[in-house]
Amino acid sequence: MLRNVFLKSLRDLRRGFVWWSIGLAGMSAMMVSVYPTVRGNAALDKLVKSYPDALKGFIGFGGELDYTSAAGYLGIELFSLVVPLLLLVAAIGAGANAVAGEEDRGTLDLLFSLPVSRARVALEKFGALAAESVALGLVVWVSLWIGAVAVGMDISA
């Protein structure tokens, strides 16, 4: 009899996790592959610094980051909006699927008929969702690290 809702939830998330991983790794690889055209481009850096402060704040060009540096490029292009937004969308989709997917597949009644409390079901489903989100973050980190090594970006882990 199934009593580990966490493992069942992880198994239910596996297909979406694979597709999200492929998409996030591909997006990271694409962004890293563009960096050599940005590196050391003084005209581009001058253009970015001439943007109005309101526009810089809106698109994440805050602080004194140099857009043509590896850290500045990744911070502005990926970490200011794109990666957090995509991870949020993945988590929302997985969270919505946690209960609605069980109901849609007709397995929610079976799940609640097991000798586990509803609170435990909710906590274990949340744990699986958190584990998936952390794993997707690791996918982004590993793909960026591999891409950075491939194009010679000077960033630390």
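Trainee: Which element supplies the largest share of the lining of the largest pocket?

Mentor: Glad you asked! First, this is a predicted model, where local features need pLDDT of at least 70, side-chain atom pairs count only at pLDDT 80 or more, and totals for chains, interfaces and linings use all residues. Residues are numbered from 1 along each chain as its sequence is written, and side-chain values use heavy atoms, leaving out hydrogens and water.

Now the general idea: rolling a probe the size of a water molecule over the atoms shows where empty space is left. A pocket is an open set of points on a 1 Å grid over the protein atoms alone, where a 1.4 Å probe fits, with protein on both sides within 12 Å along at least five of seven lines; lining residues have an atom within 4 Å of a point. Here, α1 gives the largest share of that lining, eight residues. Helices are DSSP runs (H or I, at least four residues), numbered from the N terminus.

Trainee: Which lining residues are the closest to the centre of the largest pocket?

Mentor: D12, L13, R15, G16 and N97, out of 13 that line the largest pocket. The lining divides into five nonpolar, three polar and five charged residues, with Gly counted as polar.

Trainee: Is K125 buried or exposed?

Mentor: Buried means under 20% relative accessible area, and exposed over 50% (1.4 Å probe, protein chains only). K125 has 10%, so it is buried. This residue of helix α7 touches V5, S9, A98, E102 and L111, not counting residues up to four places away in sequence; contact means heavy atoms within 4.5 Å.

How values were computed
Helix = DSSP H or I, 4+ residues; strand = E, 2+ residues; numbered from the N terminus.
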